[in-house]
Amino acid sequence: MKKILIHLESDSQASVFDQITAYDAGVDQVLAYGGVRIEEVTNLVYGAMFTRGGEGLRNTAIFIGGTHVPTAEALMKKVQDTFFGDVRVSVMFDANGSNTTAAALVHKIAFGRNLHGKKALVLAGTGPVGIRAAILLAREGCEVYLSSRQIERAREVAKHILENNGVQVIPVEISGAKDVPGVLNQGINIAACCGAPGAQMLDLPTWSKASSLEIIADINAVNPLGVEGIKVTDNGKEREGKILYGAIAIGNLKMKVHRASVQALFESNRLVLDFDSIYELAKKTEA
Ligand SMILES: NC(=O)c1ccc[n+]([C@@H]2O[C@H](COP(=O)([O-])OP(=O)(O)OC[C@H]3O[C@@H](n4cnc5c(N)ncnc54)[C@H](OP(=O)(O)O)[C@@H]3O)[C@@H](O)[C@H]2O)c1
């Protein structure tokens, strides 16, 4: 029986990236649907549920993508609400690469280390990747600070994380470079830069002087990079006495995690791969 992945997203054109990655993970056929509206989900999911019964169900899975993460979250909920009993297929959520990127970022930082009691700052942590990375770092035992250019936005995200994930993060405002030293001086050990493409969050004089800072990771691959002086290929490279992970090193791990997650979908018909379960899979991958 062929392994079929049903790709659903709200963007008008279904992601080429996600489809190629699915084939590279060993999927036989991707059925890609772009421009999916919430009211169309039920029928699409019925097509997956009612074609291959029993053991055969594991050969069909659903992938939720798209660049607009909140809309994708609504699609994900609708997909799960459509299933009943054992009549279901496995589902993976990775809208805008948010889950696989956050899992790869945190796995790079945590691999071979005990993060309990460390203070981690997620810079520009209000986007989909930053939010997920903050939760995963907290679950690794870190005290997590999450920054935004506006304190209200950081507070709103911290409240959302507490209410939805039971995780406490400390909101901080970093409206420009002048605010960074004050936050780093609170004893920050780990800085994870999750800003939008081309947004520089840390300048070299500031991070090199921050005495408590041990590890810096940056997922922004677009110049200027999130961290001045980092190289995208840095993969645990020591510079100025700090350990650095750049966007390509993290991105390479992200690709491995993405493929491993798609492969796992076909092991059973009831897997739900969201950021936490994708992180558990990432932990089985060598960082
Ligand atoms: N390496 C990889 O494999 C990979 C994969 C996927 C994504 N990414 C990268 O991961 C990063 C995060 O993705 P995302 O989707 O979570 O990002 P995002 O939502 O586009 O941006 C994250 C946060 O950046 C802040 N921001 C936006 N413009 C800014 C500016 N000009 N200066 C300073 N801060 C700014 C915003 O926070 P506030 O408004 O609250 O300040 C925003 O919430 C992006 O750089 C993306 O390209 C990398």
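**Note on a predicted two-domain chain and its ligand shell**

1. L253 lies in helix α9, where helices (H or I, at least four residues) and strands (E, at least two) are DSSP runs numbered from the N terminus. The model is predicted, so local features need a pLDDT of at least 70 and side-chain atom pairs count only at pLDDT 80 or more, while totals for chains, interfaces and linings use all residues. Residues are numbered from 1 along each chain as its sequence is written.

2. To stay with L253, this residue counts as buried because it has 24 C-beta neighbours inside 10 Å. The term buried means that 20 or more other C-beta atoms lie within 10 Å of the residue's own, exposed means 12 or fewer, and partly exposed covers what is in between, with C-beta atoms placed from the backbone. Leaving aside residues up to four places away in sequence, L253 touches A104, H107, K108, T285 and A287, where contact requires that the two C-beta atoms, placed from the backbone, lie within 7 Å. The C-alpha atom of L253 is also separated by 8.4 Å from that of T101, although the two residues are 152 residues apart along the chain.

3. Helix α9 (247-265) matters again when we turn to the ligand, since α9 and α5 (128-139) each supply at least two residues of the shell around the ligand. Of these contributions, α9 gives the most, with four residues. There are 24 residues around the ligand, and G127, S148, A196, A199 and G251 come nearest; a residue is near a molecule or strand if its C-beta atom, placed from the backbone, lies within 6 Å of it. The shell divides into 11 nonpolar, 10 polar and three charged residues, with Ala, Val, Leu, Ile, Met, Phe, Trp, Tyr, Cys and Pro counted as nonpolar, Asp, Glu, Lys and Arg as charged, and the others, Gly among them, as polar.

4. The chain is assigned domain 1 (4-93) and domain 2 (100-250), with bounds that come from an automatic or database domain assignment. Taken over C-alpha atoms, the centres of domain 1 and domain 2 are 31 Å apart.

5. Which residues touch the most other members of the largest nonpolar core? Among its 93 residues, they are I64, V122, L123, A133, A134, A192 and C193. This core lies between domain 1 (4-93) and domain 2 (100-250), because both give residues to it. A nonpolar core is a set of buried Ala, Val, Leu, Ile, Met, Phe, Trp, Tyr and Cys residues joined through C-beta atoms within 7 Å. As background, nonpolar side chains tend to be buried together in soluble globular proteins.

6. V122 deserves a closer look, for it touches G130, A133, A134, L137, V144, L146, S147, A192 and C194, not counting residues up to four places away in sequence. V122 also stands opposite L146 in β6, and strands β5 and β6 run parallel, joined by four bridges. In strand β6 (residues 143-148), six of the six residues are buried: E143, Y145 and S147 point one way from the strand, while V144, L146 and S148 point the other way. In general, side chains in a regular strand alternate between the two faces of the sheet.

7. Another sheet is open and has five strands in the order β2-β1-β3-β4-β12, with parallel pairing. Because β2 (29-33) and β12 (272-273) stand at the edges, each with a single partner strand, one side of each is left without a neighbour in the sheet. Strands pair if DSSP finds at least two bridges between them; β1 (residues 4-8) and β3 (residues 60-64) pair in the parallel sense over five bridges, with I6 opposite I62 in β3.

8. A few backbone details should be checked by eye. Most residues other than glycine have a negative phi, and most peptide bonds are trans. The peptide bond from N223 to P224 is cis, with omega near -10°, and P224 sits in the loop between β9 (215-218) and β10 (235-239). The phi of A124 is near 55°, a positive value in a residue other than glycine; A124 is found in the loop between β5 (119-123) and α5 and is buried, with 22 other C-beta atoms within 10 Å. N96 likewise has a positive phi near 55°, but N96 counts as partly exposed because it has 18 C-beta neighbours inside 10 Å.
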